Amino acid sequence: MTEVPHRAGWRARLPGVVRARPRTWIAVVASLVVLVPLAWMWQSSLLPDSYDMAEMGYPDWGGGPVDEHHGMHHGTPVKDLVADTDRPADFTETLTVRRDGGDYTVNGTSPGPTIDVTVGQLVEIHLVNDNVPDGITLHWHGVDVPNAEDGVAGVTQDAVDEGEEFVYRFVPDQAGTYWYHSHQVSHEQVRRGLLGALVVHPDTEVAGVHEELAVLHRYGGTPTINGEEGTSEVDARPGDQVRLRVINTDNGLAPLWVTGAPYQVVAVDGRDVNEPDPIEDEKYPVPAGGRVDLGFVVPPDGVRVDFGAGNTMVFGGDPTDGDEPRAPEDFVDLLGYGQPADLGFDPADADRRFDYRIGRRPGFLDGRPGLWWTVNGHLYPDVPMYMVSEGDVVVFTIDNGSGDNHPMHLHGHHAVVLSRNGEPATGSPWWIDSLEVKDGETFEIAFVADNPGIWMDHCHNLPHAQQGLVAHLMYTGVDSSFRVGGKPGNQPE
Ligand code: C2O
Ligand code: CU
């Protein structure tokens, strides 16, 4: 027996690759060098069927004390962070959501009914899911409710299934303009109408002020005001004082402008502006999710407010006689608007400082290849969990180098703007819950961590949130009660 036939047989059975020449070998190795890490990146981006939001990503302690017990489940569960359970409701309403051909209504309309309450009331809302197979929730955008009432599927509750009911109870402690919307499959449910206005009135209304509401929403791409296209005529007489509450429920910035009288920005995101200056010939940009209250006095010829695309509101007559007025070129800048006032805390004395750096890069999100948003260089869900303790003074630096604009929304808190691109704020405290951060901009904002829970901090261009522009603020001593995914199909974005 000789070696030769054996060797020949062995070679003959080898696949072509092994018999290949060195050049081919190099190509094979080179492809593996690319493919293996790609496969690994793909595989590691896959989200489990259900997961605890608090265990995703990595804790960022912002330079403050690290809690050794974090993640050990010794704290207060989210589901226990509720309003006083012994207190009876002062205001009760049932909101029933229906889905018809992919569009949503609340009590038969979209926008749904406006919830008008008074500051300090215990508000109780019964949410009923008539026939939405994906499930629904309600988030009280801009109201700093207890965490378990925040309406985020998979983080603060399970999505409310078809035929089921969920009760929200909270006490709004700041008068102002807010709204409600679904936070289950929100990029679709909100666009398709699952929303409405929430107005928290002060204890004593200022006599003689004419209140109006403008809920901006695009239905099937068509912009509307309170669900209507074109001109809405509002009865008003010369000398009337108007407070117009504007809510931008869309995904993009909504500019508006006023013709016929000077106007004031009397409130932003549910917080009054201190000593607002009169404005003339400047547009006001309402960020996605944001609200603005405008104040003006109606002159004999009336006032016209333009929202673009031919949508207007006219108070006591159209001062332009129907000609579309030229839109001003300049925008109101809140950085130096109004007069300074006490913040109630000292941002210079921050306990924690965080970066929220928004970028964009190619990668995999739940196995899907694409160009995704990043937070501090990380792709969702490997993003920072911003850790705070109750009572902390917190400063965030939001830096946008992503090539697009982002209306950033923090749940459960109002933050004050300290600076933009290094330029300090000099006007009235500029309190926000929804802040437009344009590409290339850097904002410093500050707040007091006074509302324990797990809170979303995301882009309110809701498709961006679905593309991974989501992080959370989490308190030490709080534990998750819910999971994203799983049987309830929780899908907050
Ligand atoms: Cu109005 Cu997390 O949203
Ligand atoms: Cu965005």
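**Copper site, sheet and turns**

H464 is buried, at a relative accessible area of 7%, which puts this residue below the 20% cut-off for burial. The model is a predicted one, and H464 is a handy place to start, since its ND1 atom is one of the donors to the copper ion (ligand 2). The other donors are ND1 of H406 and SG of C459, with the coordination distances running from 2.0 to 2.1 Å. Along the chain, the donors follow the spacing H-x52-C-x4-H. C459 has a relative accessibility of 0%, so this cysteine counts as buried too.

The copper ligand H406 also leads into the sheet, as strand 28 covers residues 406-410. Strand 28 is part of an open sheet of six strands, ordered 2-26-35-34-28-32, in which the pairing is mixed. Strand 2 (58-60) and strand 32 (434-437) sit at the edges, each pairing on one side only. On average, and ignoring direction, neighbouring strands here are turned by 25° against each other. Strands 28 and 32 run antiparallel and are joined by four bridges, with H409 standing opposite S434.

Elsewhere, strands 23, 24 and 25 are linked in succession. Strand 23 (residues 352-365) and strand 24 (residues 368-375) are antiparallel and share eight bridges; R360 faces W373 across this pair. Two residues separate the strands in this hairpin, and D366 has a positive phi near 50°. Strand 24 then pairs with strand 25 (residues 378-379), again antiparallel, through two bridges, and T374 has L379 as its bridge partner. This hairpin also has two residues between its strands, with N376 taking a positive phi near 50°.

Just past strand 25, the peptide bond between Y380 and P381 is cis, with omega about 5°. P381 belongs to the loop that leads from strand 25 to strand 26 (384-388), and strand 26 is itself a member of the six-stranded sheet. Another cis bond runs from S110 to P111, with omega near -5°; P111 is in the loop between strand 5 (103-106) and strand 6 (112-118).

Positive phi values turn up in other loops as well. A309, not a glycine, has a phi of about 55° and lies between strand 21 (303-306) and strand 22 (312-315). Its relative accessibility is 68%, so A309 counts as exposed. N421 has a positive phi near 50° in the loop between strand 29 (415-420) and strand 30 (423-424). With 49% relative accessibility, N421 is classed as partly exposed, because the exposed class begins over 50%.

Key. Residues numbered from 1 in each chain as written. Chains lettered and ligands numbered in written order. Predicted model: local features only at pLDDT ≥ 70, side-chain atom pairs only at ≥ 80, totals over all residues. Heavy atoms only, no water. Pairing = 2+ DSSP bridges. Axes fitted to C-alpha atoms, helices over the stretch in contact; angles between N-to-C directions. Donors = N, O, S within 2.8 Å, 3.2 Å for Na, K, Ca; no water. Buried < 20%, exposed > 50% of the residue type's maximum accessible area, 1.4 Å probe, protein only.
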